[in-house]
Amino acid sequence: MSTAQIAAVSSNAEYSFTKPNRESITLLAGLGVEGDVHAGVTVKHRSRVAADPTQPNLRQVHLIHRELFDEVAAAGFSVAPGQLGENVTTEGIDLHALPTGALLRLGEEAVVEVTGLRNPCPQINSFQDGLLKQVVGRDEEGRVVRKAGIMGVVHRGGTIRPGDSITVTLPELPHVPLERV
């Protein structure tokens, strides 16, 4: 069995679909990624700000599993860490199987609480035409399946780097499945 780890870290101080990879990023408790445009106590994603700028920011940190890139590559798409706007690219962990409230210890210090699923937006097709259909679809029962990562809030800050381990602490039962945030 493989060990869960951080494959890449990314941030961007400007609104842009992609985020450049970094040697490290620093997570700030209650805020998000230091220097990232989406950091803050209240929501920073443009569509959410337009709806209600006073909403709490449940999307401080965006995590995607690197294995998604292999999956979309099989369909002819080329995606690398940071290109879908994530801050943390993981490896060896099924992010979408985590319940709401799961705690992810990233590296030695940082702890992120999982808040929900990323809701993929049409900008994904602007990045690569047709990619949106690869990261959002429907299951056998017709339910929407979102595969473009999960979102979280920073409980404890710290600096994280590629190669750092990821440890999961599940919340008490009953577990609440992830919904879009």
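This passage describes the sheets, the nonpolar core, a surface patch, the salt bridges and an aromatic pair of a predicted model.

Two open sheets are considered here, beginning with one of 8 strands, in which the order is β2-β1-β6-β5-β11-β8-β7-β13 and the pairing is mixed. The edge positions of this sheet are taken by β2 and β13 (166-169), each of which has a single partner strand, so that one side of each is left without a neighbour in the sheet. Strands of a sheet pair through backbone hydrogen bonds, either parallel or antiparallel. Towards the β2 end of the order, β1 and β2 run antiparallel and are joined by 2 bridges, while β1 and β6 pair in the antiparallel sense over 4 bridges. Residue V9 takes part in both of these contacts, standing opposite R22 in β2 and having V88 as its bridge partner in β6. Elsewhere in the 8-stranded sheet, β7 is joined to β8 by 4 bridges, and the two strands run antiparallel; within this pairing, L103 stands opposite E113 of β8.

The other open sheet has 3 strands, arranged in the order β4-β3-β12 with antiparallel pairing. Here the edges are formed by β4 (32-33) and β12 (158-160), and because each has a single partner strand, one side of each is left without a neighbour in the sheet. Strand β3, which spans residues 25-28, pairs with β12 in the antiparallel sense over 3 bridges, and the bridge partner of T26 in β12 is T159.

In soluble globular proteins, nonpolar side chains tend to be buried together. The largest nonpolar core of the model has 24 residues, and those with the most contacts inside it are L27, V61, L98, L104, L106, I150 and I160. Two or more residues are given to this core by each of β1, β3, β5, β7 (103-106), β8 (110-117) and β11 (150-156). Among these elements, β8 gives the most, with 4 residues. Nonpolar side chains also appear at the surface, where L28, L31 and V41 form a patch with about 230 Å² of accessible area together. Of these patch residues, L28 lies in strand β3 and, with a relative accessibility of 31%, counts as partly exposed.

Side chains of opposite charge can pair when their charged atoms come close. A search of the whole structure finds 6 salt bridges, among which a network links R66, D70 and E91. Within this network, the side chains of R66 and D70 meet in a salt bridge with an N to O distance of 2.8 Å, whereas in the salt bridge of R66 with E91 the closest N and O atoms are 2.5 Å apart. Because R66 lies in the loop between β5 (61-65) and α2 (67-73) while E91 belongs to strand β6 (residues 88-91), the latter pair ties together parts that are 25 residues apart in sequence. The members of the network are partly exposed, as shown by relative accessible areas of 22% for R66, 46% for D70 and 23% for E91. A further salt bridge is formed by R143 and D139, with the closest N and O atoms 2.9 Å apart. In this case D139 is buried, because its relative accessible area of 19% falls under the 20% limit for that class.

A pair of aromatic rings is described by the distance of the centres and the angle of the planes. The search of the whole structure finds 1 aromatic pair. The centres of the F17 and F127 rings are 5.6 Å apart and their planes stand at 35°, so the pair is tilted. This contact links distant parts of the chain, as F17 lies in the loop between β1 (5-10) and β2 (21-22) and F127 lies in helix α3 (residues 123-127), 110 residues apart. With regard to accessibility, F17 is buried, having a relative accessible area of 18%, whereas F127 is partly exposed, with a value of 25%.

Note on methods: Residues are numbered from 1 along each chain as its sequence is written. This is a predicted model: local features need pLDDT of at least 70, side-chain atom pairs count only at pLDDT 80 or more; totals for chains, interfaces and linings use all residues. Side-chain values use heavy atoms; hydrogens and water are left out. A salt bridge is a side-chain nitrogen of Lys or Arg within 4 Å of a carboxyl oxygen of Asp or Glu. Buried means under 20% relative accessible area, exposed over 50%, partly exposed in between (1.4 Å probe, protein chains only). Rings of Phe, Tyr and Trp (its six-membered ring) pair if their centres lie within 6.5 Å; planes under 30 degrees apart count as stacked, over 60 as edge-to-face and the rest as tilted. Two strands pair if DSSP finds at least two bridges between them. Patches are made of residues with over 30% relative accessible area and no salt bridge: like charges are joined within 9 Å, nonpolar side chains (Val, Leu, Ile, Met, Phe, Trp, Tyr) within 5 Å. Accessible areas come from the Shrake-Rupley method with a 1.4 Å probe; for residues, only the protein chains shown count as cover. A nonpolar core is a set of buried Ala, Val, Leu, Ile, Met, Phe, Trp, Tyr and Cys residues joined through side-chain atoms within 4.5 Å.
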